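Work through the exercises below with the model open beside you. Each task is followed by a solution in steps.

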Amino acid sequence: PFTYVTALKEGYTASTMLMDVPTTFQSGEGQPDYNPVNYDGKYRGPVQLRYALGNSLNIPAVKFIGIVGIKDVLETAYEMGLTSLPPTKETLSRVGLSLTLGGGEVRLLELTGGYSTFFNGGTKVEPLSILKVEDNNGKVLEETKPKKGKKIISPEEAFIISNILSDNLARSDAFGPNSLLNVSGRQVAVKTGTTNDKRDNWTLGGNPQRAVGVW
């Protein structure tokens, strides 16, 4: 989503089309070529951004980060709360196109906070661990109110990403029409991420009231 919202900021749309086909990316002198594959090993040919994101297709995501630029994606993600990946020369020296598929280490709390920006209409809200402290008589000793943060992306950009991630049809090709990602009676935006060895899985989801990240 951080790659795709960067693409929206740079003039692409949810209907922008890319080819989901076997693709070799040259990694530079002395480095092996990069040949990403989709989670299910399938290729879908021409695919719009909406369905590429909804179905978590890897190849279009790699193509898009190549188009908009790794540094631009890092800047967007950092502003949205992924502070473990500052857009510095040091970070750029150790990440590549695989960044869009998780090729950069971040904390789950950072990622959840970043996703909440999509759900909050583009506004970043800093996570809080303690909201209120009371004594045994119910007297409030300390209380912290969540503060509305900085506008990072436009409401329109946030809406498009959230809408795609809550579109059950947009992810049905990969996940099926009745997956656990489809929350009955509620519109919930959700995105999964899985390591190459299929050992670890993160799922991020939410709406304007809640943002949830699980490992």
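Helices and strands here are DSSP runs, numbered from the N terminus; a strand is a run of E with at least two residues. Lining residues have an atom within 4 Å of a pocket point. The model is a predicted one.

**Exercise 1. The largest pocket**

Task: Find which strand supplies the largest share of the lining of the largest pocket, and describe that lining.

Solution:
- Step 1. Start with the volume. The largest pocket holds about 1400 Å³ of space.
- Step 2. Go to the centre. T100, L101, G102, G193 and T194 lie nearest to it, out of 48 lining residues.
- Step 3. List the elements that each give at least two residues. Among them are helix 1 (2–9), helix 3 (58–68), helix 8 (168–175), strand 5 (189–194) and strand 6 (201–206).
- Step 4. Pick the top contributor. Strand 5 provides the largest share, 4 residues.
- Step 5. Sort the lining by character. It has 25 nonpolar, 17 polar and 6 charged residues. Glycine counts as polar in this scheme.

**Exercise 2. The second largest pocket**

Task: State which helix gives the most to the lining of the second largest pocket.

Solution:
- Step 1. Take the volume: about 340 Å³.
- Step 2. Locate the centre. S116, N120, V125, R210 and A211 are the closest of 15 lining residues.
- Step 3. Name the helix. Helix 6 gives the most, with 5 residues. Helix 6 spans 108–119 and also supplies at least two residues to the lining of the largest pocket.
- Step 4. Sort the residues. The lining divides into 7 nonpolar, 6 polar and 2 charged.

**Exercise 3. The sheet**

Task: Give the strand order of the open sheet of 3 strands, and say which strands are at the edge.

Solution:
- Step 1. Read the order. It is 5-6-7, with antiparallel pairing.
- Step 2. Find the edges. Strand 5 and strand 7 (211–214) each pair on one side only.
- Step 3. Add the twist. From one strand to the next it averages 10 degrees.
- Step 4. Look at one pairing. Strand 6 and strand 7 are antiparallel and share 4 bridges. Within strand 7, V212 stands opposite G205.
- Step 5. Link back to Exercise 1. Strand 5 and strand 6 each put at least two residues into the lining of the largest pocket.

**Exercise 4. Salt bridges**

Task: Work out which residue is linked with D40 and R44 in a network of salt bridges, then examine further pairs.

Solution:
- Step 1. Set the cut-off. A side-chain nitrogen of Lys or Arg must be within 4 Å of a carboxyl oxygen of Asp or Glu. The count by this rule is 11 salt bridges.
- Step 2. Test D40 and R44. Their side chains meet at 2.5 Å, N to O.
- Step 3. Extend the link. D173 joins D40 and R44 in the network.
- Step 4. Check accessibility. D40 is partly exposed at 34%, and R44 is partly exposed at 22%.
- Step 5. Turn to E90 and R94. The closest N and O atoms are 3.2 Å apart. About one helical turn separates the two, because they are 4 residues apart in helix 5 (residues 89–94). E90 is partly exposed at 47%; R94 is partly exposed at 39%.
- Step 6. Finish with E143 and K145. This salt bridge has its closest N and O atoms 3.2 Å apart. Exposed means over 50% relative accessible area. K145 has 58%, so K145 is exposed. E143, with 40%, is partly exposed.

Key: Residues numbered from 1 in each chain as written. Predicted model: local features only at pLDDT ≥ 70, side-chain atom pairs only at ≥ 80, totals over all residues. Heavy atoms only, no water. 1 Å grid on protein atoms, 1.4 Å probe; cavity = no way out; pocket = protein on both sides within 12 Å on 5 of 7 lines; lining within 4 Å. Points joined across faces, edges and corners; volume = space filled by probe spheres on them. Pairing = 2+ DSSP bridges. Axes fitted to C-alpha atoms, helices over the stretch in contact; angles between N-to-C directions. Buried < 20%, exposed > 50% of the residue type's maximum accessible area, 1.4 Å probe, protein only.
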